[in-house]
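Below is a short set of notes for a colleague who is opening this model for the first time. Please read them with the structure at hand.

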Amino acid sequence: MRTINLGNSGLQVPVIAIGCMRINKVERKEAERFVKTALELGTNFFDHADRYGGATCEAIFADVIGMTPAVREKIILQSKCGIQQGYFDFSKDHILEAVDGSLKKLKTDYLDVLLLHRPDALMEPEEVAVAFNELQTKGKVRHFGVSNHNPTQIQLLRKLVKQPLVANQLQLSIANATMISAGLHVNMLEDGAVNRDCGVLDFCRLHDITIQAWSPFQYGNPFGGGGVFLGSEKYPALNAAIDELAKKYEVTNTAIALAWILRHPAHIQPLTGTMNSDRLRDCVAAADIVLTREEWYGLYKAAGNTLP
Ligand SMILES: NC(=O)c1ccc[n+]([C@@H]2O[C@H](COP(=O)([O-])OP(=O)(O)OC[C@H]3O[C@@H](n4cnc5c(N)ncnc54)[C@H](OP(=O)(O)O)[C@@H]3O)[C@@H](O)[C@H]2O)c1
């Protein structure tokens with residue numbers, strides 16, 4: 001599996017990462033098979049959050065992978081914290097407590113990467129800085145980052161946090177490409193010009209922050225109102241364009257959807273959510289495809305996005 005440098009951390013990570021948010025939805029045997037396949041394919045980067053599956057996913061993962069020190073050495077573990085039941089919490093106490101909880105459930109004594117899950121309006125960057133220092137000094141977390149943060153929120157953190165922020169997890173797919181559209185429609189009246197994230201894509205490129213694309217196969221909100229665009233009647237033109245390219249590159253539609261994200265020069269790391277071993281193989285095939293410029297823009301437009 002092709003690797004990229006996560007931010008400027010020096011940590012080499014597979015270009016496709018595995019999201020474990022849905023591991024509680026499958027039978028244990030299926031989850032075991034899936035994790036085994038992931039390791040065979042070289043996709044050994046696993047994304048978690050303390051909250052996933054009602055706080056059950058991390059423990060399920062540790063169980064199905066059979067976590068031991070030897071297994072731990074072969075994998076890269078990322079988790080997220082900062083979401084409480086009904087509110088967000090970047091307080092020092094919560095961050096420290098959440099990480100301890102994740103370490104316990106994952107049966108490990110360190111996380112490779114910790115992300116702050118969703119911006120907390122009451123965040124005190126001073127407190128985050130103290131928490132990160134403690135986690136780093138005690139060896140509990142090696143690298144730090146954020147999720148769903150815009151550039152000014154990141155800058156505010158960077159003012160006090162001394163560790164480099166190496167990743168920012170954001171929703172991105174062909175059918176949910178607002179961060180790309182805003183850069184194409186600068187200063188225009190079209191809908192695509194609406195800048196929802198203060199230019200986060202270019203900001204992350206400028207500051208060596210890897211964007212991790214969550215929900216790469218979904219349109220809309222995957223937690224309500226959205227869904228998978230592949231095979232969806234809502235996206236006939238997109239599916240026809242994807243299917244044509246799938247034929248050309250001799251891969252599945254799944255691989256083409258990911259190849260679209262991977263083609264962006266920002267070295268974006270898609271986070272796949274499948275728990276199906278065959279679909280994971282389809283995903284991995286995307287790492288070897290380089291879409292032409294014409295193909296990339298063709299898919300972008302087929303999803304209903306426009307160019308000025
Ligand atoms: N930071 C955040 O706020 C945030 C938010 C959401 C998610 N995440 C992370 O991102 C990861 C990925 O998110 P996600 O699970 O929404 O991503 P996704 O890969 O877009 O969606 C996965 C879901 O779509 C289904 N699926 C995928 N391809 C399909 C296809 N070709 N046809 C039909 N169904 C298909 C999968 O079913 P099968 O299992 O059957 O393949 C699975 O249920 C999560 O696990 C989590 O780690 C982060």
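**Notes on the model**

1. A good place to begin is His 264, which is found in the loop between helix H11 (253-262) and strand E14 (269-272); helices (H or I, at least four residues) and strands (E, at least two) are DSSP runs, numbered from the N terminus. His 264 is buried, with a relative accessible area of 12%, where buried means under 20% relative accessible area, exposed over 50% and partly exposed in between (1.4 Å probe, protein chains only). Leaving aside neighbours within four places in sequence, His 264 is in contact (heavy atoms within 4.5 Å) with Ile 180, Leu 201, Arg 205 and Trp 296.

2. A word on the basis of these notes: this is a predicted model, in which local features need pLDDT of at least 70 and side-chain atom pairs count only at pLDDT 80 or more, while totals for chains, interfaces and linings use all residues. Residues are numbered from 1 along each chain as its sequence is written, and side-chain values use heavy atoms, with hydrogens and water left out.

3. On the overall sheet, a closed barrel of 8 strands runs E3-E4-E5-E8-E9-E10-E11-E14 with parallel pairing, two strands being paired if DSSP finds at least two bridges between them. From one strand to the next, the twist averages 30°, where axes are lines fitted to C-alpha atoms (for helices over the stretch in contact) and angles run from 0 to 180 degrees between N-to-C directions. Within the barrel, strand E9 (residues 141-147) and strand E10 (residues 165-171) run parallel and are joined by 3 bridges. Helix H6 (residues 125-137) packs on the sheet, where H6 touches strand E8 (111-116), E9 and E10, and the direction of H6 makes about 150° with that of E9.

4. Helix H3 (residues 57-65) deserves a separate look, since its buried residues are Cys 57, Glu 58, Phe 61, Ala 62, Val 64 and Ile 65. An α-helix has 3.6 residues a turn, so residues three or four places apart point the same way. The cover over the buried residues of H3 includes helix H1 (28-40), strand E4 (45-47), helix H2 (52-55), helix H4 (69-74), strand E5 (76-81) and helix H5 (92-106). Just after H3, Gly 66 takes a positive phi of about 65°.

5. How many disulfides does the model hold? The count comes to 0 disulfides, a disulfide being a pair of cysteine sulfur atoms within 2.5 Å. The sulfur of Cys 57 is 7.7 Å from the closest cysteine sulfur, in Cys 20, which is too far for a bond, and Cys 57 is buried, with a relative accessible area of 1%. Cys 204 is likewise in no disulfide, the nearest cysteine sulfur, that of Cys 198, being 11 Å away.

6. Turning to the ligand, 27 residues surround it, and the closest are Arg 22, Asp 47, Ser 215, Thr 274 and Arg 279; a residue is counted here if one of its heavy atoms lies within 4 Å. An N or O atom in the side chain of Arg 279 is 2.5 Å from an oxygen atom of the ligand, whereas for Phe 217 a backbone N or O atom lies 2.8 Å from a ligand oxygen atom.

7. Finally, Leu 6 is found in the loop between strand E1 (3-5) and strand E2 (12-14) and is buried, with a relative accessible area of 0%. Not counting residues up to four places away in sequence, Leu 6 touches several residues, among them Val 113, Val 166 and Gln 269.

How values were computed:
A polar contact is a pair of N or O atoms within 3.5 Å; within protein, one must be able to donate a hydrogen and the other to accept it, and residues adjacent in sequence count only if both atoms are side-chain atoms.
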